[in-house]
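Good morning, colleagues. Please look at the sequence and the model on the screen while I go through the main points.

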Amino acid sequence: MSTRAPAAGPAGDARMGRREYLTLGCVACHIAPGEKVDSDLVLGRMSLSFVPRKWRASALPAFLMDPTRS
């Protein structure tokens, strides 16, 4: 059994992240976790609720900076 604490994700400001999400237009294709959306407005937008299960916090910024990179 390991006694090490889990690695912390990168430090950040959630308010700034939300501002970038809105400013960069991510909202056009994505639904933020916890965002209440009228079903008529979903129009194929993908929920970001799964992101913590798919990405390590340390890898997500690099992906967001260059999502087409393999």
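I shall begin with the overall fold and the confidence, and then turn to one helix, two residues and a pocket.

This is a predicted model. The mean pLDDT of the protein is 78, and 80% of its residues reach 70 or more. Confidence is highest in strand S1, at 89, and lowest in helix H3, at a mean of 85.

The protein has three helices and two strands, and read from the N terminus these elements run α-β-β-α-α. Of its 70 residues, 9% are buried. If we take the contacts between residues at least 6 apart in sequence, 18% of them join residues at least 24 apart.

Let us consider the two ends of helix H1. At the N-terminal end, Asp 13 acts as a cap, with a side-chain oxygen 2.9 Å from the backbone nitrogen of Arg 15. After the helix comes Gly 25, which has a positive phi, near 85 degrees.

I now move to the strands. Arg 45 sits in the loop between strand S1, residues 30-31, and strand S2, residues 46-47. Is Arg 45 buried or exposed? Its relative accessible area is 15%, and Arg 45 therefore counts as buried, since the cut-off for that class is under 20%.

Which backbone oxygens lie close to the polar atoms of this side chain? One belongs to Val 27, whose backbone oxygen is 2.9 Å from a polar atom of the Arg 45 side chain. Another belongs to His 30, where the corresponding distance is 2.8 Å. Leaving aside residues up to four places away in sequence, Arg 45 touches Tyr 21, Val 27, Ala 28, Cys 29, His 30, Ile 31, Glu 35 and Val 37.

The next residue to consider is Met 46, which lies in strand S2. Met 46 has a relative accessible area of 46%, so it is classed as partly exposed. With the same sequence neighbours left out, Met 46 touches Cys 29, His 30 and Ile 31. Met 46 and Cys 29 are 17 residues apart in sequence, yet their C-alpha atoms are 6.2 Å apart in space.

Finally, I come to the largest pocket. How much space lies in it? The value is about 1,300 Å³. The pocket is lined by 32 residues, and those closest to its centre are Gly 17, Leu 48, Val 51, Leu 60 and Leu 64. Three elements each give two or more residues to this lining: helix H1 (14-23), helix H2 (51-54) and helix H3 (60-65). The largest share, six residues, comes from H1. By class, the lining holds 23 nonpolar, four polar and five charged residues.

To close, I would ask you to keep two points in view. Arg 45 is a buried residue in the loop between the two strands S1 and S2. The largest pocket, for its part, has 23 nonpolar residues in its lining, with helix H1 giving the largest share of the lining. Thank you for your attention.

How values were computed
Residues numbered from 1 in each chain as written. Heavy atoms only, no water. 1 Å grid on protein atoms, 1.4 Å probe; cavity = no way out; pocket = protein on both sides within 12 Å on 5 of 7 lines; lining within 4 Å. Points joined across faces, edges and corners; volume = space filled by probe spheres on them. Helix = DSSP H or I, 4+ residues; strand = E, 2+ residues; numbered from the N terminus. Nonpolar A, V, L, I, M, F, W, Y, C, P; charged D, E, K, R; others polar. Buried < 20%, exposed > 50% of the residue type's maximum accessible area, 1.4 Å probe, protein only. Polar contact = N/O pair within 3.5 Å; in protein donor to acceptor, adjacent residues only side chain to side chain. Contact = heavy atoms within 4.5 Å. pLDDT = per-residue confidence, 0-100.
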